[in-house]
Amino acid sequence: MSGQTSIKPMIYAALFAAITAIGALIEIPIPISPVPLTLQVFFVLLAGLVLGSRWAGTGMVVYLLLGIVGFPVFSGGSSGIGTILGPTGGYLIGFVPAAFVTGRITETFGRSTPAVVCAMIAGLAAIYIPGVVQLSIVAGLTVRESIVIGVLPFLIGDSVKLTAALIVSRRIGYVSEYD
Amino acid sequence: MGARMIFGTYRKRDSYLHRIDPRTKLLLTAGVSIPVYLADPAGLALLAAIVSVFAVAARISVANLLRGLRPVAPFLAMIFLAHLAFGNSIPAAAIPVARFVLLILTTILLLHTTSPSELKTALASFMKPFGGPGAEIAFMVGVAMAFIPGLLLDKETIARAQAARGYRPKGLSGFTSIIVPLLRRSFRRADSLSDALESRCYHRDAARYYYNRELTRSDYLLVGGVALILVLSGLSVSPGT
């Protein structure tokens, strides 16, 4: 994202906020957990890869604000500040550092496949850490219990999303190349 | 799904809560979450009573309230069952669930009585103290809102175009075959929007104006009244229950 234009990255970040919102509506049921797989995490990681740290992080802030102003953009079509403060809110808050970290690592270590995979794993950690902390506090569970219901059921799905984000980011390129 | 995404849950009506300033409502919804998390069962019952009074004042049907809870129901059930599975008593399992239900109900009240554009304006005015970056983010929220209907339409168009050519999406490659054209198309939308804004001399640092109404006496009365009740319910607070 060179310094030629200042508006384009803003628009792309807003676009990724909108796409992440739509990703929440595409649900894939998984048998082990009552919480369905959604595509938000896929778009969070993709945003990091495509937009880079600063604008990916900003885009996710915009995504959270879309939810706060009432668009049904969180998983299952829920919305509002109640969802962000509720048991699953930590994951949503984690989207911001996740997109940022994923972008930051690829900016630092380049876009080789191992670097991109490591960047996305770090991004996932940035979602799960606040997710588990808030789940255990709000739902009154211990950290271990929270990990059992809040992390383990999702790991297989996450590895699929990670692979998909890698493939898609290779095919669409990076926003800086569109300038 | 598409229609729900575009219109949200807001219903244009005339009720006491509809007339209250969106900033007041946003602030109250956020503020109420604190006692919701701290209150003991008696305090929770009081808060539930307050929420019911407001639901009546907003003329929201019970069916609408329940519909708003549906997306979070599986997760609530999971938390409840997890508590039981890990050997906690039924009250210990029910209280966190009750807190979350109350939290969601207050959000439903807000979203039923306040339109997205009102909320966007309220958000922009809360962003003012953050100066330029705040205005930038508020602007981006508006842009993202505008993108959503077009993106949903694109997704339908691409899926139908592929179906018309006899393609049946399956597995990971089926997924990328929808997502890649959707992203390419949306990048074109983003490009033409930024070109349009630039050719009209939009500048990030330029001032923008949002329509804001004046806070009235009824706003202050509501905030004061609710704050009083919350302090009263706070008297029975015992953190950690």
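## A residue in helix H6 of chain B

Is B:Ile79 buried or exposed? B:Ile79 is buried, because its relative accessible area is 3% and the buried class covers anything under 20%. Keep in mind as you look around that this is a predicted model.

You will find B:Ile79 in helix H6 of chain B, which covers residues 73-85. Leaving aside residues up to four places away in sequence, B:Ile79 touches A:Pro87, A:Leu135 and A:Ala139 in chain A, along with B:Val97 in chain B. For a sense of distance within chain B, try B:Glu214: 135 residues separate B:Ile79 from B:Glu214 in sequence, and their C-alpha atoms are 43 Å apart in space.

## A nonpolar patch on the surface

Now turn to the surface, where a nonpolar patch brings together A:Val143, A:Ile147, A:Val148, A:Leu152, A:Leu155 and B:Phe86. Together these residues have about 480 Å² of accessible area. Which helix gives the most to the nonpolar patch? That is helix H7 of chain A, residues 143-150, with three residues.

A:Ile147 is a good one to pick out here, as a member of the patch that sits in helix H7 of chain A. With a relative accessible area of 35%, A:Ile147 counts as partly exposed, because that class lies between the 20% limit for buried and the 50% limit for exposed.

## A backbone detail in chain B

Finally, have a look at the loop that runs between helix H4 (41-57) and helix H5 (62-69) of chain B, where B:Arg59 is found. B:Arg59 is not a glycine, yet its phi is positive, at about 55 degrees.

How values were computed
Residues are numbered from 1 along each chain as its sequence is written. Chains are lettered from A and ligands numbered from 1 in the order in which they are written. This is a predicted model: local features need pLDDT of at least 70, side-chain atom pairs count only at pLDDT 80 or more; totals for chains, interfaces and linings use all residues. Side-chain values use heavy atoms; hydrogens and water are left out. Patches are made of residues with over 30% relative accessible area and no salt bridge: like charges are joined within 9 Å, nonpolar side chains (Val, Leu, Ile, Met, Phe, Trp, Tyr) within 5 Å. Accessible areas come from the Shrake-Rupley method with a 1.4 Å probe; for residues, only the protein chains shown count as cover. A salt bridge is a side-chain nitrogen of Lys or Arg within 4 Å of a carboxyl oxygen of Asp or Glu. Helices (H or I, at least four residues) and strands (E, at least two) are DSSP runs, numbered from the N terminus. Buried means under 20% relative accessible area, exposed over 50%, partly exposed in between (1.4 Å probe, protein chains only). Contact means heavy atoms within 4.5 Å.
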